[in-house]
Amino acid sequence: MKVVVLTGAGISAESGVPTFRDADGLWEGHRVEDVATPEAYDAQPMVVHRFYDARRTALAAVEPNPAHLALARLEEHLGDDLLLVTQNIDDLHERGGSTRVLHMHGELRSALCRACRSRVPWTEDLGDFPPCPRCGVAELRPDVVWFGEVPYGMDEIQDALAEADLFVSIGTSGAVYPAAGFVQYAGRNGARTLELNLVPSEGTHLFDEARHGPAGQLVPAWADELLR
Ligand code: BJW
């Protein structure tokens, strides 16, 4: 059975990583649609660097939770028949044991050079404008996908969705495209679709089945069910 899993901020919430659109969300009073843009970076690069530098540093204080571990267990059994696509830029899937993770909105532990377009592994702060290790120009930005930019891996994702028998969406509000459209694309191509989220997402009616509750409980239970 071919499975595509899409995860969002909700899967990392029980690890202590704030989500975007819940009451105690990450952007503290700002609409994410106003601040997660290349224009916001051009206007105030230092503010944006401080924000992502703090989030990168905070990764050291959080651990994967039972939902991340359950998806790693699923990969052990399904191998290449599982594609794990995450909108998250944290590394909790990898630290939970998943080895093939497609970060469609980029990664905190990567930097993107605006001069030579290289993507380079990065664990330090970017706010002191270090030179790019490839070309030497001090134009490194967070390697994340902001509004108006094209997400990573879209061809691979679309191919996997077209072939999937099952599409499962975990911990995402369904407010951001193209990820919010995956359920319809997979469904049209014959996949069964399942939502696992704390509360009904914006697109909950688009799924064949929806289960609501904390990912730390729902995901291990669903993985057990699938592997029985
Ligand atoms: C729990 C839980 C627990 C809590 N257990 N659950 C008009 C119509 C349609 C589209 C557009 C439009 N105008 C513009 C667009 C496109 C635009 C878009 O979608 N805009 C919308 C605002 C409408 N999209 C784009 O621009 C994208 N690019 C694009 O479309 O390019 C064109 C193209 C596409 C494809 C091929 C070719 C070309 C880019 C989008 C980039 C999004 N970037 C961000 C920031 C990333 C960096 C960072 O992390 O800082 O990505 S924004 C932010 O939202 C982040 C997230 O990945 C993304 C999604 O958020 P997510 O994960 O869903 O989090 P929340 O907080 O919203 O939801 C959490 C959920 O968890 C909630 O439901 C909770 O209840 C639940 N939860 N605790 C289970 N314990």
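This briefing describes the sheets, aromatic rings and backbone features of the structure above.

The structure is a predicted model, in which local features need pLDDT of at least 70 and side-chain atom pairs count only at pLDDT 80 or more, while totals for chains, interfaces and linings use all residues. Residues are numbered from 1 along each chain as its sequence is written, and side-chain values use heavy atoms, with hydrogens and water left out. One open sheet has 6 strands with parallel pairing, and another open sheet has 3 strands with antiparallel pairing.

**The parallel sheet**

- The order of the 6 strands is S3-S2-S1-S7-S8-S9, where strands (E, at least two residues) and helices (H or I, at least four residues) are DSSP runs numbered from the N terminus, and two strands pair if DSSP finds at least two bridges between them.
- Strand S3 (101–103) and S9 stand at the edges with a single partner strand each, so one side of each is left without a neighbour in the sheet.
- From one strand to the next the twist averages 15°, with axes taken as lines fitted to C-alpha atoms (for helices over the stretch in contact) and angles running from 0 to 180 degrees between N-to-C directions.
- Strand S1 (residues 3–7) is joined to S7 by 5 bridges, and the two run parallel; Val4 stands opposite Phe167 in S7.
- Helix H7 (residues 154–163) packs on this sheet, touching S1, strand S2 (82–86), S3 and S7, and its direction makes about 130° with that of S2; contact here means heavy atoms within 4.5 Å.
- S7 and S8 also pair in the parallel sense, over 5 bridges, and Phe167 stands opposite Thr193 in S8.
- Between these two strands the chain crosses from S7 through helix H8 (residues 182–188) to S8 in a right-handed β-α-β crossover, a term used if, with the strands pointing away from the viewer, the path from the first strand over the helix to the second runs clockwise.
- S8 is joined to S9 by 4 bridges, again running parallel, and Asn197 stands opposite His212 in S9.
- Because 5 of the 6 residues of S8 are buried, S8 is largely enclosed by the rest of the structure; buried means under 20% relative accessible area, exposed over 50% and partly exposed in between (1.4 Å probe, protein chains only).

**The antiparallel sheet**

- The order of the 3 strands is S5-S4-S6, and strand S5 (119–121) and strand S6 (140–144) stand at the edges with a single partner strand each, so one side of each is left without a neighbour in the sheet.
- Neighbouring strands of this sheet are turned by 45° against each other on average, direction ignored.
- Strand S4 (residues 106–113) is joined to S6 by 4 bridges, the two running antiparallel, and Leu112 stands opposite Arg141 in S6.
- Helix H4 (residues 45–58) packs on the sheet and touches S4 and S6, its direction making about 60° with that of S6.

**Aromatic rings**

- The structure holds 4 aromatic pairs, counted for rings of Phe, Tyr and Trp (its six-membered ring) if their centres lie within 6.5 Å, with planes under 30 degrees apart called stacked, over 60 edge-to-face and the rest tilted.
- Among them, Phe51 and Tyr52 form an edge-to-face pair at 5.1 Å centre to centre, with 85° between the planes.
- Phe167 and Phe207 form a stacked pair at 6.4 Å centre to centre, with 15° between the planes.
- Phe167 lies in strand S7 (residues 166–170) and Phe207 in the loop between strand S8 (192–197) and strand S9 (209–212), so the pair ties together parts that are 40 residues apart in sequence; both Phe167 and Phe207 are buried.
- Tyr41, Phe51, Tyr52 and Trp146 form one aromatic cluster.

**Loops and backbone**

- Trp122 is placed in the loop between S5 and S6 and counts as buried at 12% relative accessibility.
- In the loop between S4 and S5, Arg117 has a positive phi of about 65° although it is not a glycine, and at 55% relative accessibility Arg117 counts as exposed.
- The peptide bond from Tyr177 to Pro178 is cis, with omega near 5°, and Pro178 lies in the loop between S7 and H8.
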